[in-house]
Amino acid sequence: MGITRDSRHKRAASGARRAHYRKKRKFELGRQPAMTKLDSSKRIHEVRTRGGNTKYRAIRLDTGNFAWGSEHVTRKTRLIQVRYNASNNELLRTQTLVKSCVVDVDATPFRQWYEAHYAQPAFRGGKLAEESADKKQSNHVKRILDERKKDAKIDPILEQQFKAGRLLAIITSRPGQSGRADGYILEGKELDFYHRKLQARKTKHAA
C-alpha cells in the first residue's frame with residue numbers, strides 16, 4: 001500500500017465511519033520521511049514532483065544560514081549537534097535534522113562579526129584579534145564605534161555560549177523539502193525556555 005495524505009479514512013466529527021466511494025489518488029500521495037542526518041558529507045537528492053516541479057531531499061547536511069535577529073545579521077555556519085527535539089527523543093539520539101529542532105551552531109562567524117562591528121569582545125575576558133586591535137582608525141570611524149558601543153549589550157546566557165564557542169539555534173526550514181537547514185539564533189524568553197529544558201534534561205540524566 002502506498003503512503004497517502006487523504007482524510008477519507010478518518011471518522012467524521014460525529015464518530016461515524018465514512019463510506020469508501022473511491023480509491024487512492026495521485027494528488028494525495030505521500031513519500032517516505034527524509035530523516036536528514038547531521039553529517040559532514042553533504043548529500044542532497046532531487047525529487048521530481050507533481051507538475052514537473054522539484055523538491056530537494058537533504059540526506060546529510062552540516063551547514064546552514066542562521067540569522068541573529070536582534071543584530072539583523074545572517075551568517076553561514078556549521079551545525080555541531082542536535083540538542084533538543086520536542087516531538088521525539090529518538091530524533092535526538094540519531095542526530096536527525098527536522099524543522100523546529102534545537103541545534104548547536106558554531107559561534108565563530110557571529111563572534112567575528114560582533115567584534116568587527118562593535119570593536120569589543122563578545123564576552124567578558126575575551127580578546128580582540130591582533131589585526132583589529134592594532135588597526136589605525138580615523139576620528140570619524142572612532143566616533144561611529146563609540147556610538148555603536150552604547151547599544152552593544154548581549155544576553156548573559158548568550159555571552160556564556162559565545163565563550164563556549166557554540167550558540168543554540170532553531171531550524172526553521174524543512175531539510176527534507178528544501179534541502180537546507182536554515183534558522184535563527186535563540187534569544188530572550190525563547191532562549192530561557194530551551195535553556196531550562198536542557199538543564200532539566202541534564203539533571204535528570206545525571207541523577
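User: Hi! In what sense do E7 and strand E8 pair, and over how many bridges?

Analyst: Hello! In this predicted model, E7 and E8 (residues 183–185) run antiparallel to each other, and three bridges link them.

User: Which residue in E8 is the bridge partner of alanine 169?

Analyst: That would be isoleucine 185.

User: And what about strand E6, how many bridges does it share with E7?

Analyst: Five bridges, again in the antiparallel sense, join E7 to E6, which covers residues 102–106. For instance, valine 105 has leucine 167 of E7 as its bridge partner.

User: Is E7 mostly covered or mostly open?

Analyst: Mostly covered: E7 spans residues 166–171, and five of those six residues are buried.

User: Okay, new topic. Which residues form the positive surface patch?

Analyst: The patch is made up of Arg5, Lys26, Arg31, Arg48 and Arg50.

User: Where does arginine 5 lie, then?

Analyst: You'll find arginine 5 in the segment before strand E1, which is residues 37–38. Arginine 5 counts as exposed because its relative accessible area is 58%, and the cut-off for exposed is over 50%.

User: Last thing: what is the phi of methionine 35 like?

Analyst: Methionine 35 has a positive phi, about 50°, even though it isn't a glycine. Methionine 35 also sits in the segment before E1, and it is partly exposed, with a relative accessible area of 37%.

User: And what about the phi of alanine 119?

Analyst: Alanine 119 is not a glycine either, yet its phi is positive at about 55°. Look for alanine 119 in the loop between helix H2 (108–118) and helix H3 (130–134).

Conventions
Residues numbered from 1 in each chain as written. Predicted model: local features only at pLDDT ≥ 70, side-chain atom pairs only at ≥ 80, totals over all residues. Heavy atoms only, no water. Patch = residues over 30% accessible without salt bridge, like charges linked within 9 Å, V, L, I, M, F, W, Y side chains within 5 Å. Areas by Shrake-Rupley, 256 points an atom, 1.4 Å probe, with all protein chains shown as cover. Salt bridge = Lys/Arg side-chain N within 4 Å of Asp/Glu carboxyl O. Lys, Arg positive; Asp, Glu negative; His and termini not counted. Charge placed at Lys NZ, Arg CZ, Asp CG, Glu CD. Helix = DSSP H or I, 4+ residues; strand = E, 2+ residues; numbered from the N terminus. Buried < 20%, exposed > 50% of the residue type's maximum accessible area, 1.4 Å probe, protein only. Pairing = 2+ DSSP bridges.
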